[in-house]
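Please look over the sequence and the three-dimensional model together before reading on. The paragraphs that follow move from charged pairs to the nonpolar interior, and then to helix packing and individual backbone positions.

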Amino acid sequence: MAASTSQHALISIKPRCASSFGYDKKSANVRFVSATNCCPTSRKLGLVYASNSQSSVIEPTQLPSNPESGSTPKKSSESALILIRHGESLWNEKNLFTGCVDVPLTPKGVNEAIEAGKRICNIPVDVIYTSSLIRAQMTAMLAMMQHRRKKVPIIVHNESERAHQWSQVYSEETKKQSIPVITAWQLNERMYGELQGLNKQETADLFGKDQVHEWRRSYDIPPPNGESLEMCAERAVSYFKDQIIPQLVAGKHVMIAAHGNSLRSIIMHLDKLTSQEVISLELSTGIPMLYIFKEGKFIRRGSPAGPSEAGVYAYTKNLAKYRQKLDGMV
């Protein structure tokens, strides 16, 4: 992705505990704690430009409470939340409905992921969440390979007891230089049912442009044997609330590499979009979006402009200090 896109429109409103990373195998949550503690107004439609100065304060999201104590987790001072839609996939290139079919990135998609990584190379990342689909996982890995901290992203395998045991890391020093990557089907792309694998133009010719547009862009009407955006949002936002917000509250910096519809769902929640606004929301492939979570509020900061543009480091004092720390490590 060319660097010149940095100032262009990015969004349009149209029973046991694992030792590695303090990972709670039962709840699929990275707790980052010791092993002894880890078990038990009207919105105007149009073009939104992401510049270095743009930000919007989102009203406080309801923080999940501890069902045992009835208390709300303590808010951290500030955490970064990075959202990245995967780079172009082979079926994106072929104009096919992809949904939950597991296809990889094109060479262009690989480059988009690398460019996304360059944009966030000075923003702290403690844990990565991605879908169970390879195109999102490739994007996450390629992006983190560009990070100046040079920590290694490691997928946490929880699909079986053996996979969990065999993927353990036994060096504490190596753990410190690693970033856990949590895969979750709840972050998968919307399941397009009987449209998956079909050419989008041919499908429009067969069923009619209006019908296909309704399947693709309505909020609560699913394609045949598939998911509506509403159904996708139900699982994606629920996972975000249950698993990801607690990490932000704990002060951890989080990156999510996922898909157009699962990320639209999360942004709908963060920015409090209506069902009519979210169906017109477009996310470019391979372009990161940055939110700051502070005092229970999400502050949208747009997209990082790029590693060579100093303005990107002025998002917050804490991010500026982090960049200075990285400079000192060189």
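A residue is called buried when its relative accessible area is under 20%, exposed when that area is over 50%, and partly exposed in between. The model discussed here is a predicted one, and these cut-offs are applied to its residues throughout.

We can begin with the charged side chains. Across the whole structure, a search finds 6 salt bridges, and one of them joins the side chains of Asp327 and Arg148, with a nitrogen-to-oxygen distance of 2.8 Å. This pair ties together distant parts of the chain, since Asp327 belongs to helix H11 (residues 317–329) whereas Arg148 sits in the loop between helix H3 (134–144) and strand E8 (152–155), 179 residues apart. Arg148 has a relative accessibility of 27% and therefore counts as partly exposed, and Asp327, with a relative accessible area of 34%, is likewise partly exposed.

Another salt bridge is formed by the side chains of Glu282 and Arg217, at 2.5 Å from N to O. Here too the partners come from distant parts of the chain, with Glu282 in strand E11 (residues 281–283) and Arg217 in helix H7 (residues 209–217), 65 residues apart. Glu282 has a relative accessibility of 33%, so it is classed as partly exposed.

Is the salt bridge between Arg235 and Glu227, whose side chains meet at 2.7 Å from N to O, made by an Arg235 that is buried or exposed? Arg235 has a relative accessible area of 11%, which places this residue among the buried ones because the cut-off is 20%. Its partner Glu227 is at 13% relative accessibility and so counts as buried by that criterion.

From the charged pairs we can turn to the nonpolar interior. In soluble globular proteins, nonpolar side chains tend to be buried together. In this model the largest nonpolar core has 34 residues, and those with the most contacts inside it are Leu81, Leu83, Tyr129, Phe240, Ile256 and Phe298. The elements that contribute two or more residues to this core are strand E6 (79–85), strand E7 (127–130), helix H8 (229–249), strand E10 (254–258), helix H9, strand E11 and strand E12 (288–294), and the largest share, 8 residues, comes from H8. A second core, separate from this one, has 19 residues, including Ile123, Met144, Ala257 and Leu290.

Strand E6 also holds Ala80, which has a relative accessibility of 0% and therefore counts as buried. The C-alpha atom of Ala80 is separated by 8.1 Å from that of Met255, although the two residues are 175 residues apart along the chain.

Helix H9 deserves a closer look. This helix (residues 260–271) has 12 residues and reaches 16 Å from its first C-alpha to its last, close to the 16 Å expected at 1.5 Å a residue. H9 is mostly covered, with 12 of its 12 residues buried; the buried residues include polar or charged names such as Asn261, Arg264, His269 and Asp271, as well as Leu263, Ile266, Ile267 and Leu270.

How do the helices pack against one another? H8 and H9 meet at an angle of about 65 degrees, with their axes 8 Å apart, and they are therefore roughly perpendicular to each other. The crossing in which H8 passes H9 is right-handed. Helix H2 (residues 107–119) and H3, by contrast, pack at an angle of about 45 degrees with their axes 7 Å apart, so that H2 and H3 are oblique to each other, and their crossing is right-handed.

Two backbone positions complete the tour. Directly after H9 comes Lys272, which has a positive phi of about 55 degrees although it is not a glycine. Lys272 is found in the loop between H9 and helix H10 (275–278), and its relative accessibility of 45% means that it counts as partly exposed. Asn95 also has a positive phi, near 60 degrees, in a residue other than glycine. Asn95 lies in the loop between helix H1 (90–93) and H2, and at 33% relative accessibility it counts as partly exposed.

Terms used: Residues numbered from 1 in each chain as written. Predicted model: local features only at pLDDT ≥ 70, side-chain atom pairs only at ≥ 80, totals over all residues. Heavy atoms only, no water. Salt bridge = Lys/Arg side-chain N within 4 Å of Asp/Glu carboxyl O. Helix = DSSP H or I, 4+ residues; strand = E, 2+ residues; numbered from the N terminus. Buried < 20%, exposed > 50% of the residue type's maximum accessible area, 1.4 Å probe, protein only. Expected span 1.5 Å × (residues − 1). Core = buried A, V, L, I, M, F, W, Y, C linked by side-chain atoms within 4.5 Å. Axes fitted to C-alpha atoms, helices over the stretch in contact; angles between N-to-C directions. Parallel < 35°, antiparallel > 145°, perpendicular 65-115°, else oblique. Left-handed = near helix turned anticlockwise from the far one by under 90°.
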